[in-house]
Amino acid sequence: MSEHFEVHGGARLTGEVEVVGAKNSVLKLMAAALLAEGTTTITNCPRILDVPLMADVLRSVGCEVEIDDDVVRITTPAELSHRADSAAMSRLRASVCVLGPLVGKLKKAVVALPGGDAIGSRPLDMHQNGLRKLGATSAIEHGCVVAEADGLHGAQIWLDFPSVGATENILMAAVLAEGTTVIDNAAREPEIADIVAMLTEMGAKIQGAGTSTLTVEGVPELKPTEHRVIGDRIVGATWAFAAAMTRGDVTITGVDPHHLELVLEKLRLAGAEITTYDGKGFRVNQPERPQSVDFVTLPYPGFATDLQPFAVALSTVSEGTSMITENVYEARFRFIEEMVRLGADARTDGHHAVVRGVEKLSSAPVWASDIRAGAGLVLAGLCADGITEVWDVFHIDRGYPHFVENLNRLGARIDRVGTPTAG
């Protein structure tokens, strides 16, 4: 028997919820620890399934990893293995971020192709092309990315798309390369700025964090450091949408509202009253039924593709008709098939979805296909009559610490039922 959630409809969420460190940052920071011999300490880590999975990946190349509540300590030995082929790789998309550090530090890497969420193809072409520009060879062989170089040198690198993963891998390889590397059309996400901050603390020379051009002056070596992970803007936005969907009043702390400016503006358009607390958090109060709003996913500072399921979920209970356009991952609309089970009036056409809001959804069994889809289905269940069963909840546990507990503290009623399955 696998584990599932039973979500009781009709809740109005109120109260305060604290956001911890960002999933999309902590895993990359853990990988960056490979670049410096000694013990690196990362604090404010979320207690999610992906953190011990990444720890297993690091152990597979010779690191010692200790997880103590929200603190992760990674001891990188003088002699690392260049082969990252832990079984955890198949369950963790972010595991590919060890590629850049291994090539940067060891000048060679064999990294098993990663797994992760079923949201569409995410090829590694840009990762490989960037490493080639730095002087490495790179190919896919026997289910692994294989890269090797006699030495790495600075280069001018243009990314066809501002890929977060490619930006991170190229950045982590370039910090130990000889000379200057310029990454143009780089990703601008706050998580990129977080990894730049940690690498700088380790002794790297990087300029341009938060812009589309990163300039890296290579250094001979890096030293270990202690770094605090930034708050998770995707989790913070999840609670914001939950407040709006349930006509609630929720204060979210631990995340910088500047990282969510477009999200909060969309919720204002939906009728929410938004109060921000500089650098510390924000409050979402939705006194009436939400109004329909259109959403278009784009790389940061655009509306994040990770938040698209919540845009769809909000639209299903809003007054009026919304159009949601997905420009990043082609398979992310499979979430809508599950929303239709809950009585949503939604249609898809290629990259577009048209959603006509209904007053109340109806309970049904539904299945999570990825982290954010799972969380979106739970929020939809809060707006349905009866009890909604959400299955494959191990996805949700990969991205949300204490998800059920936090929702119940805010006034929801959600029960975890069954035997946990390996995620």
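**Figure 1. A lysine charge over an aromatic ring in the predicted model.** In this predicted model, the charged end of Lys266 lies over the ring of Phe295. The distance from that charged end to the ring centre is 5.6 Å.

**Figure 2. A stacked pair of phenylalanine rings, Phe5 and Phe403.** Seven aromatic pairs occur in the structure. In the pair formed by Phe5 and Phe403, the ring centres are 6.5 Å apart and the planes meet at 25°. Planes under 30 degrees apart count as stacked, so this pair is stacked. The two residues come from distant parts of the chain, 398 residues apart. Phe5 belongs to strand E1 (residues 4-8), and Phe403 belongs to helix H13 (residues 403-409). Phe5 has 0% relative accessibility and counts as buried. Phe403, with 1% relative accessibility, counts as buried. Ring pairs also join Phe5 and Phe403 with Trp239 and Tyr400 in a cluster.

**Figure 3. Packing of helix H9 against helix H10.** H9 covers residues 308-316 and H10 covers residues 334-341. Their axes are 10 Å apart and form an angle of about 30°. Angles under 35 degrees count as roughly parallel, so H9 is roughly parallel to H10. The two helices cross in a right-handed sense. On the H9 side, the residues in contact are Pro309, Val312, Ala313 and Thr316. They meet Phe335, Ile336 and Met339 of H10.

**Figure 4. Helix H3, a mostly covered helix.** H3 runs over residues 99-106, and six of its eight residues are buried. These buried residues are Leu99, Gly100, Pro101, Leu102, Val103 and Gly104. Several helices and strands help to cover them, including helix H1 (23-32), helix H4 (125-133) and helix H5 (164-174). Among the strands that cover them are E6 (83-84), E7 (108-112) and E9 (144-148). Just after H3 comes Lys107, which has a positive phi of about 65°.

**Figure 5. Ala22, a buried loop residue.** Ala22 sits in the loop that joins strand E2 (14-18) to H1. Its relative accessibility is 0%, so Ala22 counts as buried. Leaving aside residues up to four places away in sequence, Ala22 touches Pro46, Glu191, Val229, Ile230, Gly231 and Asp232. Ala22 and Asp397 are 375 residues apart along the chain, and their C-alpha atoms are separated by 14 Å.

**Figure 6. Packing of helix H1 against helix H6.** H6 covers residues 190-201. The axes of H1 and H6 are 9 Å apart, at an angle of about 30°. The two helices are therefore roughly parallel to each other. H1 crosses H6 in a right-handed way. From H1, the residues Asn24, Ser25, Lys28, Leu29 and Ala32 take part in the contact. From H6, they meet Glu191, Asp194, Ile195, Met198 and Leu199. Glu191 is also one of the residues that Ala22 touches.

**Figure 7. Ile387, a partly exposed strand residue.** Ile387 lies in strand E25 (residues 387-391). Its relative accessible area is 43%, so Ile387 is partly exposed. Apart from residues up to four places away in sequence, Ile387 touches Glu6, Val7, His8, Ser363 and Ala364. Ile387 and Asp397 are 10 residues apart in sequence. In space, C-alpha to C-alpha, Ile387 and Asp397 are 20 Å apart.

Methods: Residues are numbered from 1 along each chain as its sequence is written. This is a predicted model: local features need pLDDT of at least 70, side-chain atom pairs count only at pLDDT 80 or more; totals for chains, interfaces and linings use all residues. Side-chain values use heavy atoms; hydrogens and water are left out. Rings of Phe, Tyr and Trp (its six-membered ring) pair if their centres lie within 6.5 Å; planes under 30 degrees apart count as stacked, over 60 as edge-to-face and the rest as tilted. Helices (H or I, at least four residues) and strands (E, at least two) are DSSP runs, numbered from the N terminus. Buried means under 20% relative accessible area, exposed over 50%, partly exposed in between (1.4 Å probe, protein chains only). A charge sits over a ring if NZ of Lys or CZ of Arg is within 6 Å of the ring centre and within 35 degrees of the ring normal. Axes are lines fitted to C-alpha atoms, for helices over the stretch in contact, and angles run from 0 to 180 degrees between N-to-C directions. Angles under 35 degrees count as roughly parallel, over 145 as roughly antiparallel, 65 to 115 as roughly perpendicular and the rest as oblique. A crossing is left-handed if the near helix is turned anticlockwise from the far one by less than a right angle, and right-handed if clockwise. Contact means heavy atoms within 4.5 Å.
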